[in-house]
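Here are some notes to go with your first look at this one. Have the viewer open and follow along point by point.

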Amino acid sequence: MEKHPPRTPSPLDHPLRYEMVNELHARPSPRLNVPCTAVYVAFKEPRDAASRDRSVDLAHLAELVARHGAPAPPPEAGHYAAQLGRHELRWESHSEFVSYASFSPGRPHRPFDPALAELFPDEWQARAPGRRVAAAIVQVLPMPEDPAAITPLLGQWFAADGLVAVQVLDGAGVAATDFRVDPAGWMRFAVFVAPDVGAGRIGRIVQRLLELETYRAMSMLGLPRVRSLTATMNTLETRLATLLERLGDDSGSPDSALQELLDLAQQLESAATQHGFRFGATRAYEAIVHDRIATLRETRFQGRQTLTEFMVRRYQPAMRTVHSAERRLAALVDRAARAGELLRTRVDVQRSGQNQALLERMDRRADLQLRLQHTVEGLSVFAISYYAVGLLGYAATPLAGEFGVDRAVLVAVLTPLVVLAVWAAMRRVRARLHDAAGNRSGRGDL
């Protein structure tokens with residue numbers, strides 16, 4: 001039986017099956033022996049880090065490994081591992097940042113000496129595509145026979161304000177930090193490991209501490225954004241409240257108010273779009289922070305504060321501020337949308353009233369025109385009858401003379417007959433016109 005899956009997937013398998021399985025094993029925890037030192041740095045592009053050119057990250061990595069004669073990373077690589085002299089290097093590419101971890105055996109002459117970061121020289125870090133968001137040194141040491149001997153070391157290495165010291169993984173070790181950046185720019189972590197703890201378990205402790213610090217830093221990137229966003233929301237909220245108060249004032253123009261509201265809604269939607277990714281990333285990173293603390297299975301050590309207690313006091317207020325700003329922005333967008341609906345309804349009602357008044361004026365005009373038309377038709381009947389009687393009088397005069405009928409009598413007899421005939425003809429013509437208009441209208445409806 002093969003130990004590893006074949007390179008060519010079976011036709012029975014999904015094309016991505018092996019790729020998804022291999023992803024589970026792409027970033028294994030390091031195997032570390034006591035004593036050792038881990039040096040860690042993470043870089044992030046200041047803007048649009050998720051859509052960055054990842055080939056630049058690979059080029060920066062290739063520059064580092066080329067100095068030590070190690071193989072260059074393959075194109076499109078998402079992770080890389082190599083032995084650079086006495087240092088084991090691990091590189092990983094994440095959604096918004098890249099991380100470098102160096103593990104070297106042995107106990108240094110001076111704990112947390114900045115010289116321990118010799119694998120990542122300052123001039124190389126300065127050329128990184130992005131800026132450093134996390135930098136940590138983890139000192140892994142054997143657990144003293146008397147755990148009380150750890151106390152003076154903690155006093156030497158860490159500030160008393162903010163010191164966290166906990167037992168991890170059911171007593172497998174003690175982890176300590178103060179979450180402060182030392183004068184050389186590094187955050188310090190100390191791990192004291194019990195004698196019977198294996199290399200894999202030590203590696204998992206160190207990796208979880210490094211991930212805890214990295215994702216804590218990444219999640220808190222949302223806080224500066226929220227501070228600048230709050231000033232914008234204060235201004236927009238004041239404008240929205242003023243506009244809502246004006247909705248009950250009938251003296252103002254609803255069209256101008258609607259235009260102002262549309263501009264306000266556009267600014268709110270733009271802010272929501274600009275900060276939506278950061279809000280989502282903050283929630284994801286915060287969840288990872290709490291997950292890493294949970295997997296450490298911490299217990300109190302010598303009455304010191306735990307990681308959970310530190311995060312509740314120092315970290316959670318920042319996260320609550322970010323979440324509150326996210327909810328506030330969403331509420332402003334909803335309020336602007338509801339105000340827009342109300343204002344559009346008011347504009348529609350006003351326009352319906354205007355249209356009703358216009359239709360009434362049109363009806364009055366049509367009625368007036370109809371009356372005028374009937375008057376004109378009546379006058380036309382008399383005018384046509386006048387000329388018709390005159391013509392018929394001239395035509396019938398010779399015949400009237402033969403029968404001894406006076407012309408005046410003849411005209412008097414013809415006049416009512418002609419008027420009736422003209423009137424009947426006019427009604428018939430008007431009826432035909434109405435029928436023709438009705439037929440055209442019916443065809444148009446079809």
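1. Let's start with helix H5, which covers residues 199–219. It has 21 residues, and the distance from its first C-alpha to its last is 30 Å, close to the 30 Å expected at 1.5 Å a residue. Keep in mind as you look that this is a predicted model.

2. Is H5 mostly covered or mostly open? Mostly covered: 17 of the 21 residues in H5 are buried.

3. Stay on H5 for a salt bridge. Glu213 and Arg216 meet through their side chains, at 2.8 Å from N to O. Both residues belong to helix H5 and sit three residues apart, which is about one turn of the helix. Glu213 counts as buried because its relative accessibility is 3%, and Arg216 counts as buried too, at 15%. The cut-off for buried is under 20% relative accessible area.

4. How many salt bridges are there in total? The count comes to 21. As general background, side chains of opposite charge can pair when their charged atoms come close.

5. Two more of these pairs are worth a click. Asp182 and Arg188 form a salt bridge through their side chains, at 3.2 Å from N to O, and Asp182 is buried, with a relative accessible area of 12%. Asp291 and Arg292 form another, at 2.5 Å from N to O. In that second pair, Asp291 has 35% relative accessibility, so Asp291 counts as partly exposed, whereas Arg292 is buried at 19%.

6. Some salt bridges share partners. Glu63, Arg67, Glu123 and Arg127 are joined in this way into one network.

7. On to the rings. Searching the whole structure turns up 12 aromatic pairs. One of them is Phe43 with Trp124: the ring centres are 6.1 Å apart and the planes are at 80 degrees, so this pair is edge-to-face. Phe43 lies in strand E1 (residues 36–44) and Trp124 in helix H3 (residues 122–126), so the pair ties together parts that are 81 residues apart in sequence. Phe43 and Trp124 are both buried.

8. Another edge-to-face pair is Phe179 with Phe189, at 6.1 Å centre to centre and with 85 degrees between the planes. Here the pair ties together parts 10 residues apart in sequence, because Phe179 is in strand E7 (residues 173–181) and Phe189 is in strand E8 (residues 187–193). Phe179 and Phe189 are buried as well.

9. Which residues do ring pairs link into a cluster with Phe43? They are Tyr100, Phe120 and Trp124. Try showing these side chains together with Phe43.

10. A ring can also have a charge over it. Look at Trp186: Arg132 lies over the face of this ring, at 5.3 Å from the ring centre.

11. Last, a look at the surface. Leu358, Leu359 and Met362 make a nonpolar surface patch of about 280 Å². Leu359 has its place in helix H8, which covers residues 307–402. Is Leu359 buried or partly exposed? Leu359 counts as partly exposed because its relative accessibility is 47%.

Note on methods
Residues are numbered from 1 along each chain as its sequence is written. This is a predicted model: local features need pLDDT of at least 70, side-chain atom pairs count only at pLDDT 80 or more; totals for chains, interfaces and linings use all residues. Side-chain values use heavy atoms; hydrogens and water are left out. Patches are made of residues with over 30% relative accessible area and no salt bridge: like charges are joined within 9 Å, nonpolar side chains (Val, Leu, Ile, Met, Phe, Trp, Tyr) within 5 Å. Accessible areas come from the Shrake-Rupley method with a 1.4 Å probe; for residues, only the protein chains shown count as cover. A salt bridge is a side-chain nitrogen of Lys or Arg within 4 Å of a carboxyl oxygen of Asp or Glu. Helices (H or I, at least four residues) and strands (E, at least two) are DSSP runs, numbered from the N terminus. Buried means under 20% relative accessible area, exposed over 50%, partly exposed in between (1.4 Å probe, protein chains only). Rings of Phe, Tyr and Trp (its six-membered ring) pair if their centres lie within 6.5 Å; planes under 30 degrees apart count as stacked, over 60 as edge-to-face and the rest as tilted. A charge sits over a ring if NZ of Lys or CZ of Arg is within 6 Å of the ring centre and within 35 degrees of the ring normal. The expected span of a helix is 1.5 Å times one less than its number of residues.
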